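Reader: Could you walk me through the metal site of this one, and what sits around it? I'd like a close look at that part, in one go.

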Amino acid sequence: MNVNRIFCIGRNYAKHIAELGNSPDDGCVIFMKPASCVVEEGEAVVLPKNIGSVHHEAELVVLLTGGGSDIPVEDAMSWVAGITLGLDLTARDLQNKLKEKGQPWELAKAFDGAAPLGDFKPYLEQDLQSLEFTLHVNGELRQHAQTRDMIYTVARQIHILSQTWALLPGDVIYTGTPEGVAALKPGDRAVLEGPGLGRYEWVFE
Ligand code: ZN
């Protein structure tokens with residue numbers, strides 16, 4: 001299935017909220033990336049130049065078959081078709097400047113190449129809140145997620161998004177990142193993997 005819209009949930013793991021100096025009391029943040037940001041597994045990711053640091057955010061990503069508006073939490077998982085892993089690439093220095101000015105985040109989150117995305121595996125009704133995944137960069141462990149640590153479960157995220165958007169087939173959700181975000185540089189090789197989620201590799205230019 002082709003990717004339709006990319007929704008992203010920010011501030012969904014307590015330790016990541018703390019590492020960026022944000023408050024858990026503010027709730028989650030929702031933003032979008034255009035589908036043209038996707039970089040499939042094995043393709044080179046060209047890091048944007050001259051905008052400061054670009055951080056990796058390793059995330060569980062879910063693919064929806066639709067669902068429409070006002071989806072109850074109890075029904076939300078019936079709209080999940082696939083699961084995979086992805087990187088929510090973030091121009092952190094620029095994002096911090098935009099935050100200070102109270103401006104939107106698109107320049108820091110929605111640049112070309114900002115959404116490396118693995119292949120979707122069929123969702124087999126496994127518990128998405130008991131998954132585990134890791135991100136290694138150049139062989140070094142950078143991020144290790146336990147999805148039980150999510151503040152907003154995948155079902156709740158679908159419910160929340162459906163209150164603003166009628167969810168459509170091909171919509172995907174980047175479900176937030178755990179702690180350990182850090183800068184990438186040209187020449188880095190990232191490996192994102194988890195049991196039942198696959199193993200995906202990108203090289204950065
Ligand atoms: Zn993120």
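Author: Sure. One thing up front: this is a predicted model, and the numbers below are computed from it.

Let's start at the metal. The zinc ion is coordinated by Glu-57 and Glu-59 through OE atoms and by Asp-88 through OD, at 2.0 to 2.1 Å. Along the chain, those donors follow the spacing E-x1-E-x28-D.

How exposed are these donors? Glu-57 counts as buried because its relative accessibility is 5%, below the 20% cut-off. Glu-59 is buried too, with a relative accessible area of 1%. Asp-88 is also buried.

Now follow Asp-88 away from the zinc ion. Besides being a donor, Asp-88 forms a salt bridge with Lys-33, and the closest N and O atoms are 2.7 Å apart. That pair ties together distant parts of the chain: Asp-88 sits in the loop between strand S6 (80-87) and strand S7 (90-91), while Lys-33 belongs to strand S2 (residues 29-33), 55 residues apart. Lys-33 is buried as well.

The structure holds 10 salt bridges. For a pair beyond the metal donors, take Arg-199 and Glu-201, whose closest N and O atoms are 3.1 Å apart. Arg-199 is partly exposed, at 48% relative accessible area, and Glu-201 also counts as partly exposed, at 23%. Back at the donors, salt bridges that share partners join Lys-33, Glu-57, Asp-88, Arg-92 and Lys-109 into one network. Two of the zinc donors, Glu-57 and Asp-88, are part of that network.

Then there's the empty space. Searching the whole structure turns up one cavity of 30 Å³ or more, with a volume of about 120 Å³. Its lining has 17 residues, and those nearest the centre are Gly-10, Arg-11, His-16, Glu-57 and Lys-109. Strand S1 (6-10) and helix H2 (92-101) are the elements that give two or more residues to this lining, and H2 gives the most, with three. By type, the lining divides into seven charged, six polar and four nonpolar residues.

So where do the pieces meet? Look at Glu-57: this residue is a zinc donor, belongs to the salt-bridge network and lies among the residues nearest the centre of the cavity. Lys-109 shows up both in the network and in that central part of the lining.

Technical notes: Residues are numbered from 1 along each chain as its sequence is written. This is a predicted model: local features need pLDDT of at least 70, side-chain atom pairs count only at pLDDT 80 or more; totals for chains, interfaces and linings use all residues. Side-chain values use heavy atoms; hydrogens and water are left out. Donors are N, O and S atoms within 2.8 Å of the metal (3.2 Å for Na, K and Ca); water is not among the atoms, so sites may look incomplete. Buried means under 20% relative accessible area, exposed over 50%, partly exposed in between (1.4 Å probe, protein chains only). On a 1 Å grid over the protein atoms alone, a cavity is a set of points where a 1.4 Å probe fits but cannot get out, and a pocket is an open set with protein on both sides within 12 Å along at least five of seven lines; lining residues have an atom within 4 Å of a point. Grid points are joined across faces, edges and corners, and a volume is the space filled by probe spheres set on the points. Helices (H or I, at least four residues) and strands (E, at least two) are DSSP runs, numbered from the N terminus. Ala, Val, Leu, Ile, Met, Phe, Trp, Tyr, Cys and Pro count as nonpolar, Asp, Glu, Lys and Arg as charged, and the others, Gly among them, as polar. A salt bridge is a side-chain nitrogen of Lys or Arg within 4 Å of a carboxyl oxygen of Asp or Glu.
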